[in-house]
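Colleague: I should like to understand how the terms used for this model are justified. Please take me through the reasoning step by step.

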Amino acid sequence: MSESTARSQVFVGAGTWTSQRKSGGLFRRAAGNEHWESLKRGLPDPVSVQAVTFHPTERDVIYVGTQDGPYRSADGGTSWERGNFPAGLQVWSITVHPTSPKTVYAGTSPVGVWRSDDGGTTWRQLPNVKQPDRITMSFACRVMRLAVVPRATDQIFAALEVGGVMRSLDGGEHWDDCAAELVGLSARPHLKSKIQSDSEAEGMLDAHALAVSDAAPGAVFLAVRMGLFRSDDRGIKWQDLEIGRFSPLTYGRDIRVSPHDARTLYAALSPAARSQDGSLYRSGDLGKSWTRVDHNVKAHATMMGLALHPDDPDQVYCASRCGQVFGTQDGGRTWHESALPDGIDDVYAIACG
């Protein structure tokens with residue numbers, strides 16, 4: 001076992017929003033250890049965890065997004081504290097500024113973006129965060145993923161469920177709608193989808209994750225209900241990556257850029273939000289082609305998220321909604337399954353470090 005593998009920890013967050021058992025939680029497992037530890041000290045009881053984010057330079061600092069706002073751990077997840085954040089806001093995404101490590105952003109439901117400049121102790125709401133009211137769902141629209149462009153840090157992108165994409169080009173002080181062309185694409189027969197609303201644009205606006213890459217300046221990669229999409233002009237126009245050419249599963253739940261190779265993308269794909277299958281795909285050419293990498297993995301539910309180790313390119317993890325966690329330490333040649341404790345059936349987030 002390599003040194004990075006020996007020191008690695010995997011965190012998984014589960015929610016209670018659609019769970020019939022109402023059993024959320026935050027779980028931690030060390031590499032080489034089959035035991036999942038339930039983390040509770042300082043967190044709400046019960047806790048619904050929708051986001052888990054490792055600090056990029058301080059290994060023991062971890063953030064989670066809960067139904068009661070953001071929490072921070074300074075001891076590797078053993079204990080947690082809540083900063084000065086308003087009550088009543090669910091946090092669905094957290095990201096750390098790539099060059100100012102004390103700056104942290106949190107995305108909420110109802111839609112909002114908050115910023116902390118002291119590592120998560122105090123927070124302020126960023127102004128002008130609003131999307132057009134295009135879709136009415138049974139839940140409030142939420143900010144599912146935030147991404148700060150590494151070499152142009154005034155540019156911030158946000159994926160919204162169900163609202164498409166928005167962006168800020170001035171560090172979060174003003175925000176623009178980037179979803180008009182996603183609505184236009186929904187006129188294509190294979191991109192129409194409505195489940196709760198009266199609009200067939202619902203599927204294209206059902207955004208779950210986005211990512212940016214140093215290898216493609218100006219590009220944004222997006223995972224939505226209808227597949228994977230790319231913009232090359234900072235979110236104005238979008239093109240279909242046509243993931244169906246490579247995968248029979250096209251429901252995009254997560255997409256991430258490798259921290260070791262900016263041309264390599266990973267995506268979690270499934271048949272639908274609730275299903276009995278899921279998969280993990282990789283592209284080595286910024287989304288032009290894809291291959292399945294989770295060999296011999298059998299997910300029994302939608303693949304909800306994936307995690308790429310910041311120090312070791314051979315370590316990749318993914319998790320299904322029903323609590324299956326899959327991992328490889330050899331770049332995908334072999335995989336190991338580790339199940340969360342019984343009763344967990346609404347996984348939302350996975351991270352490693």
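Modeller: Let us begin with strand β5, residues 62-66, in this predicted model. The strand is mostly covered, as 5 of its 5 residues are buried.

Colleague: Which residues of β5 lie on one side, and which on the other?

Modeller: Ile62, Val64 and Thr66 are on one side, with Tyr63 and Gly65 on the other, and all are buried. In a regular strand, side chains alternate between the two faces of the sheet.

Colleague: What makes β5 and β6 count as paired strands?

Modeller: The rule asks for at least two bridges. β5 and β6 (residues 69-73) have 5 bridges, in the antiparallel sense, so they are paired. One of the bridge partnerships joins Tyr63 to Arg72. The two strands form a hairpin with 2 residues between them. Strand β4 (residues 49-54) is also joined to β5 by 5 bridges and runs antiparallel to β5; there, Val52 has Val64 as its bridge partner.

Colleague: How many aromatic pairs are there?

Modeller: The count is 4 aromatic pairs. Among them are Phe11 and Phe54, 5.4 Å centre to centre with 80° between the planes.

Colleague: Why is the pair of Phe11 and Phe54 called edge-to-face?

Modeller: The centres must lie within 6.5 Å and the planes over 60 degrees apart; 5.4 Å and 80° satisfy both conditions, therefore the pair is edge-to-face. Phe11 lies in β1 and Phe54 in β4, so the pair ties together parts that are 43 residues apart in sequence.

Colleague: Why is Phe85 called buried?

Modeller: Its relative accessible area is 5%, and buried means under 20%, so Phe85 is buried.

Technical notes: Residues numbered from 1 in each chain as written. Predicted model: local features only at pLDDT ≥ 70, side-chain atom pairs only at ≥ 80, totals over all residues. Heavy atoms only, no water. Buried < 20%, exposed > 50% of the residue type's maximum accessible area, 1.4 Å probe, protein only. Helix = DSSP H or I, 4+ residues; strand = E, 2+ residues; numbered from the N terminus. Phe/Tyr/Trp six-rings, centres within 6.5 Å; stacked < 30°, edge-to-face > 60°.
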